[in-house]
Amino acid sequence: MKREKLAKPLLAAAALALIIWGGLPLYRHRHFDMPVVEGQGVTRVVRLSEYGPGLRGTMADTSVFVLEGKESGGKAVLLGDTHANEPEGLLASLLFIENAVVEKGTLYVIPFFNNSGSRNTRPGDGYPLYFEIPTDWGLFQVRMGNRDASPLDQWPDPDVYVHYPDKQLLSFIDVRNVNRTWPGRPGGPLMERVTFGAMEIMRREGVDVAIDIHGAETMFPVTNCIVAPEKSVKIATLAALNVKAKEGFENHVEPSPVGFRGLSHREIGDHSGTLPFLLEAPIPFLDQPTGPKTPKLLLDGKDPFLLSLARRKKLFVAYDESGWPLPKRVGQHCSVILEIFRQFSKRNPEKAIVVRNVPRYADVVRNGVGHYLLNPAGADRKNVVMN
Ligand SMILES: [Zn+2]
C-alpha cells in the first residue's frame, strides 16, 4: 500500500520531466529568431499586419522588406517559406534582400511568409529543427519549419476546410497551409489573414508580378517547374526557354489548374491585376522513400533509395550520385526570378523591373549559398531584422 502511494507521484513526476525535456527544444525553436541583414537595396521594412490588421500581435505577422529603385517602374512580390520545410524559397528571398540593387521598380520580399509554419516542425518524421550553411564568415543557422502553421497559432482544425470564396471542400490540414488559403479574408482563420495581407499589398500597391518560391518532391510530377495561369504563361514559357538556353538548366512550365482553389498561382491572378508564378525546385528531402531526414540530406539531396528509384525511372527529374544540392536549387530560383523580371520588362517597358547584383545559377553553384549571405555580426545593428 505504501509503495503504491509512492509510485504514483513518482510516475507523475517522471512524466512531467519527460514532457519538459521533450518540449524545451520545441519551445526554443519556436522562439528562435533568424537575423536578416538589410542589404544596400532595402529602403524600408514593414510588417505584414500593416496590410492585414488581423495579424497584429499574432505569431503569423512577419517582416516585409521593401526595395525601392531610384526610378519608379514595375512592382514585384517575392514569397519565401510559404512552405517552411522547403528552405530554398527562404534562402532565395534572403539572397534578394541582402544583395539586390533595384535600378528600376520596387520589390516587396517576404522571406518568412508562413511565419507560424517556420516555427513549427514534424516530430513524427524526425525533421531537424535547424540546419547550418557554411558562409565566408562562419556557419549560418537556419530555422527549419513545416508545411503547415503551428496548431498553437491556429486551432482547432475543421473536419473539412471550406475554401473561401469558392466553397470548394479541401482537406482539413490545408486550413493551416497558406498555399490553400488564398485569397483570404481579413477576419478568416489566421492563415487566411496572412494571404489577405499579401493580397492587400498587391491590390493597394498595384503589384505587377508575384513569385511564390517552393521546393517539391522528385517523385511528384509538378517539380522543377514554373506553375503559371493563362495570364502568366507566356512570360513563364519565355523565362523557361531562356534559362535553358543561356544557363543550361531545365525548368519547364506547368499550367495552373482552374478547378483547384486556394493556390497562389490561381487566386492571386483571379483576384488582382498581378501576374502570379510559382517556382518549384526538386528537394529530395521531402520525398517519402528516403533515409533519415537529416540536415545533410536537406543540403546535398543525396539519397541511395532515390538513386535506385531513378534507375527504375520512377522520378520526375534527372537524378544521379550528385543528388540535388541546395546551391543548385537556390541558384535556379534566383535565375528564374531574374528572367521573369526581364521578360515582363521587355513586354512592359514603362513598368520595367530592373534588378542587379543578385547571383545567378552558375554563381550560386560555384560559390555556395552562404557566400552571398551577409554577416549579421558585421552589420550595423539597426540594419539587422530579427524574424
Ligand atoms: Zn511548397
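What is the site of the zinc ion like, given the angles among its four donor atoms? It is irregular, with angles of 56 to 148 degrees. This is a predicted model, in which local features need pLDDT of at least 70, side-chain atom pairs count only at pLDDT 80 or more, and totals for chains, interfaces and linings use all residues. Residues are numbered from 1 along each chain as its sequence is written, and side-chain values use heavy atoms, with hydrogens and water left out.

**View 1. The zinc ion and its protein donors.** His83 (ND1), Glu86 (OE), Glu86 (OE) and His214 (ND1) lie 2.1 to 2.5 Å from the zinc ion. Donors are N, O and S atoms within 2.8 Å of the metal (3.2 Å for Na, K and Ca); water is not among the atoms, so sites may look incomplete. Four donors count as tetrahedral if all angles lie between 85 and 135 degrees, and as square planar if opposite donors are over 155 degrees apart and all others between 65 and 115; six count as octahedral under that second rule, and anything else is irregular. Along the chain the donors follow the spacing H-x2-E-x127-H. Glutamate 86, in the loop between strand E4 (71-79) and helix H2 (87-99), and histidine 214, in strand E10 (residues 209-216), are 128 residues apart and link distant parts of the chain. Helices (H or I, at least four residues) and strands (E, at least two) are DSSP runs, numbered from the N terminus. Glutamate 86 and histidine 214 are both buried (under 20% relative accessible area; exposed is over 50%, partly exposed in between; 1.4 Å probe, protein chains only).

**View 2. Aspartate 81 and lysine 313, two residues with positive phi.** Most residues other than glycine have a negative phi. Aspartate 81 has phi near 60 degrees and lies in the loop between E4 and H2. Its relative accessible area is 1%, so aspartate 81 is buried. Lysine 313 also has phi near 60 degrees. Lysine 313 sits in the loop between helix H7 (304-311) and helix H8 (326-347). At 72% relative accessibility, lysine 313 is exposed.

**View 3. Two cis peptide bonds.** One joins tyrosine 164 and proline 165, with omega about 0 degrees. Proline 165 is in the loop between strand E8 (160-162) and strand E9 (169-171). Another joins tryptophan 182 and proline 183, again with omega about 0 degrees. Proline 183 is in the loop between E9 and helix H3 (190-205).

**View 4. Serine 272 and its surroundings.** Serine 272 lies in the loop between helix H5 (264-270) and E13. Its relative accessible area is 14%, so serine 272 is buried. A polar atom of its side chain lies 2.7 Å from the backbone oxygen of isoleucine 268. From serine 272 to proline 183 is 9.5 Å, C-alpha to C-alpha, across 89 residues of sequence.

**View 5. Glutamate 247 in helix H4 (residues 233-247).** Glutamate 247 is buried because its relative accessibility is 19%. Its side chain makes a polar contact of 2.5 Å with the side chain of serine 335 (a pair of N or O atoms within 3.5 Å; within protein, one must be able to donate a hydrogen and the other to accept it, and residues adjacent in sequence count only if both atoms are side-chain atoms). Leaving aside neighbours within four places in sequence, glutamate 247 contacts Asn242, Ser335, Arg360 and Tyr361 (heavy atoms within 4.5 Å).
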